[in-house]
Amino acid sequence: MKVILNTDETGVSSGFSASYTFMDGANSYGDCGTNITGEENGVITTPNYPNGYLAHRQVCTWYITVRPRYKVLLYFETFLVEGEPSSRGCSGAVVRVWLDLSQQPVELCGSELNNETIQLISTTNLLKIT
């Protein structure tokens, strides 16, 4: 678990209280996904691929971790997710990729990726995809 508390100089309060529960591996990544560690390569697909993904909300989370001082290269061989980033945005479905867990994710949707998004490289040895 990672908690980031952003504060400023105005108004000091008492903070927060949180609780946590350990979950079995089947539930800790949402509807699907997994923790991938120490692999040199692999393939990630949406549920039901190559057929269309299900119409109801699904959240899949993958964490890919490689050796220290290495980075993760994510290359999309096929990408077809509803939405049009240049006009409508990614309101129906979205793929989010955290190249750095302390930064905002890259959000992807639509039927075509450009040279900047067809392959993404993490800034550390950890990459998160939802």
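**Backbone and exposure in the loops**

Biologist: At 67% relative accessibility, does Asn41 count as buried or exposed?
Modeller: This is a predicted model, so the value is computed from predicted coordinates. The cut-off for the upper class is over 50% relative accessible area. Asn41 has 67%, so this residue counts as exposed.

Biologist: Thanks! Where is Asn41 found, and how many Å apart in space are Asn41 and Leu74?
Modeller: Asn41 is in the loop between β1 and β2. Along the sequence, Asn41 and Leu74 are 33 residues apart. From C-alpha to C-alpha, the distance between Asn41 and Leu74 is 9.6 Å.

Biologist: Which peptide bond is cis?
Modeller: Most peptide bonds are trans. Look in the loop between β1 (35-37) and β2 (62-65), where Pro50 is found. With omega near 15 degrees, the cis bond is the one from Tyr49 to Pro50.

Biologist: Asn48 is in the loop between β1 and β2 too. What is the phi of Asn48?
Modeller: Most residues other than glycine have a negative phi. Asn48 is not a glycine, yet its phi is positive. As for exposure, Asn48 is partly exposed, with a relative accessible area of 40%. The phi of Asn48 is near 80 degrees.

Biologist: And which residue in the loop between β2 and β3 (73-75) has a positive phi of about 75 degrees?
Modeller: The residue is not a glycine, despite that positive phi. It counts as exposed because its relative accessibility is 83%, and the cut-off is over 50%. The residue in that loop is Arg69.

Key: Residues are numbered from 1 along each chain as its sequence is written. This is a predicted model: local features need pLDDT of at least 70, side-chain atom pairs count only at pLDDT 80 or more; totals for chains, interfaces and linings use all residues. Side-chain values use heavy atoms; hydrogens and water are left out. Helices (H or I, at least four residues) and strands (E, at least two) are DSSP runs, numbered from the N terminus. Buried means under 20% relative accessible area, exposed over 50%, partly exposed in between (1.4 Å probe, protein chains only).
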